[in-house]
Amino acid sequence: MRELAAAGGDLHEVVCATAERYAEALASASFREHWLAEQDIAAAAAGFLRRAWIRGVCRCCDRQTRFVVKRRHVLLDGRLRSEGLRNSMVCSGCRLSSRQRMIVDVLERDLEGVASIYLCEQRSPLFTRLCERLPSVRVVGSEYLGPESRGGAVGAGVRHEDVQALSFADACFDRVVSCDVLEHVPDHRRALREAWRVLRPGGWFVFTIPFHGDTDESTVRAVATATGVQHLLPAEYHTNPFTNGQSLVFTDFGWSILRDLREVGFSTAEVVLVWSRRHGYCGSPNQWFRAHKGPPGAGPACTRR
């Protein structure tokens, strides 16, 4: 593997409730400098060695580490695309990718009054790491095991849940966390309503999605019907690490996702841009979303630094 010289730089986080604020952040000198550095990382990983790594500090491991970048994450359809780094930059210690480490970081910084978290995955290094890092918090995970499974049923130690129809009681979690799941859900609005329902008042829905920040409306690629899936656009799939197969993308999300969140009852909905080469938060743009149930109040700690 090829090692790249790590650059200094602080962690940058910018809360955006509008497309205008988002565009302003992407046009900043700090983000532009970071984006150029990402192009160097992606180009190195796309070389014949098939991977590269840079030294940095993992906020999940609390130590110096190597962030490994694989060629397949940055060379897509024959084109160099640094946005694939959000699924790469894997820490050699905790084995979490950029977006996964970002979520652990976010949750750890806001634990006051948090007794329970529901994570929409279970057989993953993210679930394992959250359980290790948050021993005082009840962390419940699940996987989607197919339409024939009953909500809440456990097989081989894995709990089944359909995020469109969760088996949990109302208002039973302080945080609901979903990482790149909603795009694979036939009716994401039902999933948003369920997240709102199972959250306690004052709770937060924290999630990541592949986000098209240059589009106002989300694009529906496929719909589920009584006779099967109807494709409105060419089928697109993402790797499913749980099944070692492929998961169909139903929706390409644009800014209307914030409106969807407010319409199902969340009082606030925002996207938070994050970048830091030192901490391996890459994948321009790399971001997470948060939505609050109840009156506006203190949520996951975010500051622009």
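**Reading strands, helices and backbone oddities**

Me: Which residue in S7 is the bridge partner of Val-68?
Reply: In S7, Val-68 has Val-90 as its bridge partner. Keep in mind that this is a predicted model.

Me: In what sense do S4 and S7 pair, and over how many bridges?
Reply: Strand S7 covers residues 90-91. S4 and S7 pair in the antiparallel sense over 2 bridges. At least two bridges are needed for a pair of strands to count.

Me: How many bridges join S3 and S4?
Reply: There are 8 bridges. S3 spans residues 51-58 and S4 spans residues 63-70, and their pairing is antiparallel. One bridge sets Cys-58 against Arg-63 in S4.

Me: What do S3 and S4 form, and how many residues lie between them?
Reply: They form a hairpin with 4 residues between them. Look at Asp-62, which is found in the loop between S3 and S4.

Me: What is the phi of Asp-62?
Reply: Start with the general idea. Most residues other than glycine have a negative phi. Now the case here. Asp-62 is not a glycine, yet has a positive phi of about 60 degrees.

Me: Which peptide bond is cis?
Reply: Again, the background first. Most peptide bonds are trans. Here a cis peptide bond joins Ser-284 and Pro-285, with omega at about -10 degrees. Pro-285 has its place in strand S21.

Me: What is the strand order in the open sheet of 7 strands?
Reply: Read it as S2-S20-S21-S13-S12-S8-S9. The pairing is mixed. S2 (12-16) and S9 (138-141) are the edge strands, and each pairs on one side only. From one strand to the next, the twist averages 20 degrees.

Me: In what sense do S12 and S13 pair?
Reply: In the parallel sense, over 6 bridges. S13 takes in residues 199-208. For a single bridge, find Cys-179, whose partner in S13 is Thr-208.

Me: Which strands does H4 lie across?
Reply: Helix H4 (residues 98-108) lies across S8, S12, S13, S20 (268-276) and S21 (281-292). It runs at about 40 degrees to S21.

Me: And which strands does H5 lie across?
Reply: H5, residues 125-133, lies across S8, S9 and S12. To S9, H5 runs at about 170 degrees.

Me: At what angle do the axes of H4 and H5 cross?
Reply: Roughly 25 degrees, and the axes come within 11 Å. Angles under 35 degrees count as roughly parallel. H4 is therefore roughly parallel to H5. The crossing in which H4 passes H5 is right-handed.

Me: Which residues in H4 meet H5?
Reply: Gln-100, Val-104, Leu-107 and Glu-108 in H4 do. In H5 they meet Leu-126, Leu-130 and Arg-133. By class, this contact of H4 with H5 divides into 4 nonpolar, 1 polar and 2 charged residues.

Me: How do H6 and H7 pack?
Reply: H6 (residues 188-198) and H7 (residues 256-263) pack at about 50 degrees, with axes 9 Å apart. That angle is outside the parallel, antiparallel and perpendicular ranges, so H6 and H7 are oblique to each other. H6 passes H7 in a right-handed crossing.

Me: Which residues make the contact of H6 with H7?
Reply: From H6, His-188, Arg-189 and Leu-192. From H7, Ile-257, Asp-260 and Leu-261. The classes are 3 nonpolar, 1 polar and 2 charged residues.

Me: How many aromatic pairs does the structure hold?
Reply: It holds 11. One of the rings to inspect is that of Tyr-118, with Phe-173 as the other.

Me: Why is the pair of Tyr-118 and Phe-173 tilted?
Reply: Planes under 30 degrees apart count as stacked, and those over 60 as edge-to-face. The planes of Tyr-118 and Phe-173 lie at 35 degrees, so the pair is tilted. The ring centres are 5.7 Å apart.

Me: Where in the chain are Tyr-118 and Phe-173?
Reply: Tyr-118 is in S8 (residues 116-119) and Phe-173 is in S12 (residues 173-179). They are 55 residues apart, and the pair links distant parts of the chain.

Methods
Residues numbered from 1 in each chain as written. Predicted model: local features only at pLDDT ≥ 70, side-chain atom pairs only at ≥ 80, totals over all residues. Heavy atoms only, no water. Axes fitted to C-alpha atoms, helices over the stretch in contact; angles between N-to-C directions. Parallel < 35°, antiparallel > 145°, perpendicular 65-115°, else oblique. Left-handed = near helix turned anticlockwise from the far one by under 90°. Contact = heavy atoms within 4.5 Å. Nonpolar A, V, L, I, M, F, W, Y, C, P; charged D, E, K, R; others polar. Phe/Tyr/Trp six-rings, centres within 6.5 Å; stacked < 30°, edge-to-face > 60°.
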